[in-house]
Amino acid sequence: MIIVAVFNSLLLLTGSLAFLLYGMRLMSDGVQKSAGEKLQHALGMMTGHRITGLFTGLFVTMVIQSSGATTVMVISFINAGLLTLYQSVGVIFGANIGTTITAWIVSLFGFNFKISDFALPLFGAGFFLTFLKSAKFKNAGEAVMGFGLLFLGLSGLSDVFTFDSESLSVISEFQHYGIITIIVSCFIGIVITALMHSSSAFTAIVITMAYKQIISWEVACAMTFGSNIGSTIDAVLASFGSTADAKRSAVIHVLFNVFGTVLGFILFKPLLHFVEFITPGDNIAIRISMLHTVFKSGVTVILFPLSKRLVALSRIIIKDDKEGERKSYHLEFIEQNNGKESAAMHIIRVEKEIADMTDMVTVMFDNLQTGFTGRDNSFIENKMDELTYTEDYCDQMHEQIVNYLIHCQRLAITETQRANLSIMIQIVDDIEAMSDDCYSTAILLKKSIEKNMKFYAEDIEQLVPYVELAREFLQFIRININRHLDSKKLELARELENQIDMFRKNLKKVARKRLENGADVKAELLYIDLIRKIEKIGDHAFSISELLSQTV
């Protein structure tokens with residue numbers, strides 16, 4: 001009988017946690033879709049001042065309800081070079097404050113009325129909102145459905161933590177071992193949070209147990225402190241295989257939470273008395289939420305002025321990356337175990353990678369241009385190896401960026417974001433095609449040098465402005481990549497494309513006349529191939545321009 005009762009309780013606990021976690025995810029997805037580009041803009045602000053980063057981290061974490069997800073995002077941005085280690089400190093601190101929002105949702109809405117009476121009506125109302133044509137209402141509907149499931153999960157947790165007097169006496173006995181009870185409670189908080197990958201869900205469990213008088217105020221506080229350390233697991237896992245600075249940001253996240261927990265235990269009694277003093281009434285759920293907020297905010301106030309020293313300490317713990325030979329490209333899509341993905345953070349990350357890929361193709365073309373102005377063995381000796389390596393690197397970037405974008409399309413995104421992601425895939429295709437054209441042009445130049453093919457001086461003179469025009473178009477793309485092109489800029493791109501086409505026609509016409517007059521066939525055909533390759537680079541540049549004009 002006891003075994004059956006325990007088994008039923010475990011099933012109810014599992015189901016309640018599933019409703020709670022999925023409800024939080026659904027609510028977060030709905031809010032993120034509604035926020036859309038506003039959230040993306042907020043994430044972009046992280047590259048500013050660290051105080052701006054503090055508020056950005058707080059805001060983003062409140063939206064996606066996961067400090068772990070925000071910190072993983074920070075590690076990803078540092079790894080991509082979008083964020084410096086020093087700038088990341090503010091975001092990490094803000095994320096730790098922002099994660100307290102879930103505790104307030106649970107304490108304010110979870111116990112003030114019979115939430116099970118509201119769960120199903122809320123879910124039903126949200127479900128019918130998703131049938132409306134407006135994307136705005138659909139996103140709001142998802143958020144409301146998530147709220148309903150969250151309430152259902154909380155109601156289930158409340159039912160799970162209802163014990164008979166005999167069971168309560170056993171639990172009560174455990175809580176009378178003083179410091180041992182506090183240490184064990186902290187350890188439980190660390191382990192369970194690490195296993196669940198969600199301090200928010202564990203906090204909801206702690207608040208429910210405290211409200212049902214299963215655990216004492218002191219035990220609840222100790223579990224909350226332990227949960228803060230357990231919540232760092234996502235950042236630690238995300239830092240594996242990343243740059244030294246990315247690992248250091250994970251270390252700073254761990255240091256913040258460990259320091260706060262140690263300080264919390266040193267000031268355990270005074271801190272609890274202070275929270276009791278500033279919290280009106282005797283609602284223990286509100287009290288735990290207040291403790292969480294005061295605790296996180298207090299640690300931030302202490303450590304924020306010491307940001308530079310924290311960074312210095314992280315540099316002592318994590319040594320610099322070793323300088324090695326050329327590396328292969330690596331772009332990994334880090335999926336969150338708790339399902340709280342932020343599409344905006346991934347879009348910003350991949351935009352940086354696309355900009356880097358554009359820079360690499362521009363450098364390829366600059367190296368190629370030296371082959372036209374000085375067509376001799378020095379081009380083969382000094383530039384060909386670099387061009388070969390860069391072309392292979394661009395191929396790797398193409399494959400992995402497209403794969404990353406496909407993963408982004410599976411996240412909770414707006415229709416605008418979905419359309420932009422599709423355009424970005426096409427842009428990456430064109431950039432990779434330009435790298436192929438640059439390399440194949442270099443191969444043609446190498447062939448002409450090795451076989452000592454003779455070009456007329458006037459031909460080379462005419463090629464120089466033609467190549468320079470293509471370079472100007474590439475620079476135009478480099479400057480405007482990831483930006484919407486208005487009608488004026490698109491017209492400028494069209495003008496560059498037309499000029500390149502006119503140049504190509506004139507140059508090919510002259511080459512064909514020389515062929516008819518008995519010129520060296522191999523040299524003239526190779527010259528025509530060079531002209532065609534340069535024109536193809538211009539075609540891809542114009543294709544990218546048209547795609548950029550379609551972005552929103």
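Let me begin with Tyr 389, which in this predicted model is partly exposed, with a relative accessible area of 24%. Its neighbour in the discussion is Tyr 393, and since the two are 4 residues apart in helix H19, they are separated by about one helical turn. Tyr 393, at 17% relative accessibility, counts as buried, because the cut-off for that class is under 20%.

Staying with the aromatic rings, a search of the whole structure finds 10 aromatic pairs. In one of them, Tyr 329 and Tyr 393 meet edge-to-face, with 5.5 Å from centre to centre and 75° between the planes. Tyr 329 belongs to the loop between helix H17 (307-317) and helix H18 (343-373), whereas Tyr 393 sits in helix H19 (residues 377-409), so this pair ties together parts that are 64 residues apart in sequence. Tyr 329 is buried, with a relative accessible area of 6%. As for the rings of Tyr 389 and Tyr 393, their centres are 5.8 Å apart and their planes stand at 40°, so that pair is tilted. Elsewhere, ring pairs link Phe 225, Phe 265, Phe 268 and Phe 295 into a cluster.

Two of those phenylalanines take us to the packing of helices, since Phe 225 of H12 and Phe 265 of H14 are both among the residues through which these helices meet. Helix H12 (residues 217-230) and helix H14 (residues 244-266) pack at an angle of about 160°, with their axes 8 Å apart, and that angle makes H12 roughly antiparallel to H14. The crossing of H12 and H14 is left-handed. On the H12 side the contact includes Ala 222 and Ile 229, and on the H14 side it includes Val 258 and Thr 261; by class, the contact of H12 with H14 has 5 nonpolar, 4 polar and no charged residues.

H14 has a second contact to show you, with helix H5 (residues 85-98), where the angle is about 35° and the axes are 10 Å apart. The crossing of H5 and H14 is right-handed. Among the residues making the contact are Leu 85, Ile 92 and Phe 93 of H5, together with Asp 245, Arg 248 and Phe 256 of H14, and the residues of this contact divide into 6 nonpolar, 5 polar and 2 charged.

Finally, a point about the backbone. Most residues other than glycine have a negative phi, yet the phi of Asn 482 is near 70°, a positive value. Asn 482 lies in the loop between helix H21 (457-480) and helix H22 (487-516), and Asn 482 is partly exposed, with a relative accessible area of 30%.

Methods:
Residues numbered from 1 in each chain as written. Predicted model: local features only at pLDDT ≥ 70, side-chain atom pairs only at ≥ 80, totals over all residues. Heavy atoms only, no water. Buried < 20%, exposed > 50% of the residue type's maximum accessible area, 1.4 Å probe, protein only. Axes fitted to C-alpha atoms, helices over the stretch in contact; angles between N-to-C directions. Parallel < 35°, antiparallel > 145°, perpendicular 65-115°, else oblique. Left-handed = near helix turned anticlockwise from the far one by under 90°. Contact = heavy atoms within 4.5 Å. Nonpolar A, V, L, I, M, F, W, Y, C, P; charged D, E, K, R; others polar. Phe/Tyr/Trp six-rings, centres within 6.5 Å; stacked < 30°, edge-to-face > 60°.
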